[in-house]
Amino acid sequence: MHAVRLAYEVLDAQLIDEREDKCGRADEVLLEVRDGEPPRVAAILAGGPARAERVGRWLAWLGRVLRKIGRVPDGGVSRIPFDKVQMIAEVVQVEVKADELEAMRTERWLREKVICRIPGAETKQDKKVGVP
Amino acid sequence: MSATELRLSDLTGRVVRDVDGRKVGRIEELFAELEQHEDGNDYVVTEFHVGSFGALETVGGGELLRHLLARVGRLVGYKTYRVPWDAMDLSDPKRPTLTVRREELEEDQDREREQAEQARAEAKRQHEQQKQANDQEPQRR
């Protein structure tokens with residue numbers, strides 16, 4: 001059976017949802033250490049704060065301060081259970097919807113408050129339904 | 001049964017010592033395999049790779065780079081240990097410790113390497129026999 005290399009194949013890998021839309025990166029992998037049993041791969045964490053924690057707590061703190069100054073909502077962290085992983089290849093496909101992930105909160109905010117106000121901007125949904 | 005959660009990035013790069021307190025290397029990679037049971041399937045960690053290059057194995061994940069590292073490693077005396085999950089004590093994640101001595105790991109790996117070489121030699125011998133048989137077949141006709 002193919003063994004998954006967690007640090008090389010999963011950590012930092014691009015995540016795509018069930019519709020193959022990009023939904024962030026695997027910023028952290030959580031392991032559950034159990035007595036007398038092999039450690040279980042419990043979940044993937046996606047979201048800026050999870051990555052910032054990896055770099056250092058100071059970066060997480062700096063991110064919070066900058067968001068407060070810019071009045072940008074806190075970037076959430078999404079915990080995706082590992083049993084939702086459907087495929088591990090060049091990307092990691094997970095059985096979730098990108099729009100429902102906390103980690104996409106900042107991106108949603110940017111899309112609604114900034115990108116959509118740019119003249120000529122059209123969203124993916126507009127393209128799908130053919131809004132001019 | 002108690003269970004604690006650990007971050008992968010907290011483990012990779014940690015120095016691993018054996019039961020005698022001697023440094024073995026740093027955790028470079030964790031291998032996980034699918035475990036099937038009644039409640040569903042889980043990925044569980046089966047093996048830890050511990051080596052002296054630290055994160056270099058992760059960085060050099062591509063096949064070409066891995067082979068290159070293996071060659072360079074042979075020149076500079078780099079050694080990597082494949083540690084089964086039950087030989088790694090993670091009760092203190094900041095100080096992962098082996099439950100065996102370093103020599104035992106080396107012996108196991110030497111034994112596995114010998115077995116792999118024997119299997120490779122046997123496969124090569126069978127392949128050559130098959131090739132000879134195939135070459136002789138048209139001559140008979």
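**Group meeting talk: a predicted two-chain model**

Let me start with one residue: A:Arg40 has a relative accessibility of 19%, and because the cut-off for buried is under 20%, this arginine counts as buried. Hi everyone, and please keep in mind throughout that this is a predicted model.

So where does A:Arg40 sit in the chain? You'll find A:Arg40 in strand E5 of chain A. Leaving aside residues up to four places away in sequence, A:Arg40 touches A:Leu30, A:Leu31, A:Glu32 and A:Arg34 in chain A, plus B:Asp42, B:Tyr43 and B:Val44 in chain B. That list takes us straight to the interface.

How many residues of each chain are in contact there? On the chain A side there are 31, and they meet 32 residues of chain B. People often express the size of an interface as the accessible area lost when the parts come together. For chain A and chain B, the area buried between them is about 2,900 Å², with 60% of it on carbon and sulfur atoms.

Now for the polar side of the story. Between chain A and chain B the count is 4 salt bridges. Take the pair A:Glu28 and B:Arg7, whose side chains form a salt bridge with an N to O distance of 3.8 Å. Polar contacts across this interface come to 14 residue pairs, with both residues at pLDDT 80 or more. If you'd like to color the side of chain A that touches chain B, five elements each supply at least two residues: strand E1 (4-5), helix H1 (6-10), strand E4 (28-34), strand E5 (37-46) and helix H2 (48-55). By class, that side of chain A has 18 nonpolar, 11 charged and 2 polar residues.

The two chains also pair through their strands. E4 of chain A is joined by 5 bridges to strand E1 of chain B, residues 3-7, and the two run antiparallel. Which residue of E1 in chain B stands opposite A:Arg34? That's B:Ala3. And you've met A:Arg34 already, as one of the residues that A:Arg40 touches.

While we're on strands, here is a pairing within chain A. Strand E7, residues 85-88, and strand E8, residues 91-94, run antiparallel and are joined by 3 bridges. A hairpin of 2 residues links E7 to E8. In that pairing, A:Met87 has A:Gln93 as its bridge partner.

For those of you who enjoy backbone angles, chain A has two residues to check. A:Asp12 is not a glycine, yet its phi is positive, near 75°. This aspartate is in the loop between H1 and strand E2 (14-16), and A:Asp12 is partly exposed at 29% relative accessible area. A:Glu20, also not a glycine, has a positive phi of about 65°. A:Glu20 lies in the loop between E2 and strand E3 (22-25). Is A:Glu20 buried or exposed? Exposed, with a relative accessible area of 57%.

Over to chain B. Chain B has 4 helices and 7 strands, and along the sequence they follow the pattern β-α-β-β-β-α-α-β-β-β-α. Of its 141 residues, 28% are buried. Looking at contacts in chain B with a separation of 6 or more, 50% are between residues 24 or more positions apart.

Let me finish with salt bridges, of which the whole structure has 23 over all chains. In chain B, B:Arg22 pairs with B:Glu103, and their closest N and O atoms are 2.8 Å apart. This pair links distant parts of the chain, 81 residues apart: B:Arg22 is in the loop between strand E2 (15-17) and strand E3 (23-37), and B:Glu103 is in helix H4, residues 102-140.

Next, B:Arg82 and B:Glu47 form a salt bridge at 3.5 Å, N to O. B:Arg82 is in strand E5 (residues 80-84) and B:Glu47 in strand E4 (residues 40-51) of chain B, so the bridge ties together parts 35 residues apart in sequence. B:Arg82 is partly exposed at 38%, and B:Glu47 is partly exposed at 21%.

For a local example, B:Glu122 and B:Arg125 meet at 2.7 Å, N to O. They are 3 residues apart in helix H4 of chain B, so about one helical turn separates them. Finally, salt bridges with shared partners join B:Asp18, B:Asp20, B:Arg22, B:Arg101 and B:Glu103 into one network. Thanks for listening!

Methods
Residues numbered from 1 in each chain as written. Chains lettered and ligands numbered in written order. Predicted model: local features only at pLDDT ≥ 70, side-chain atom pairs only at ≥ 80, totals over all residues. Heavy atoms only, no water. Contact = heavy atoms within 4.5 Å. Buried area = accessible area lost by both parts, 1.4 Å probe. Polar contact = N/O pair within 3.5 Å; in protein donor to acceptor, adjacent residues only side chain to side chain. Nonpolar A, V, L, I, M, F, W, Y, C, P; charged D, E, K, R; others polar. Pairing = 2+ DSSP bridges. Buried < 20%, exposed > 50% of the residue type's maximum accessible area, 1.4 Å probe, protein only.
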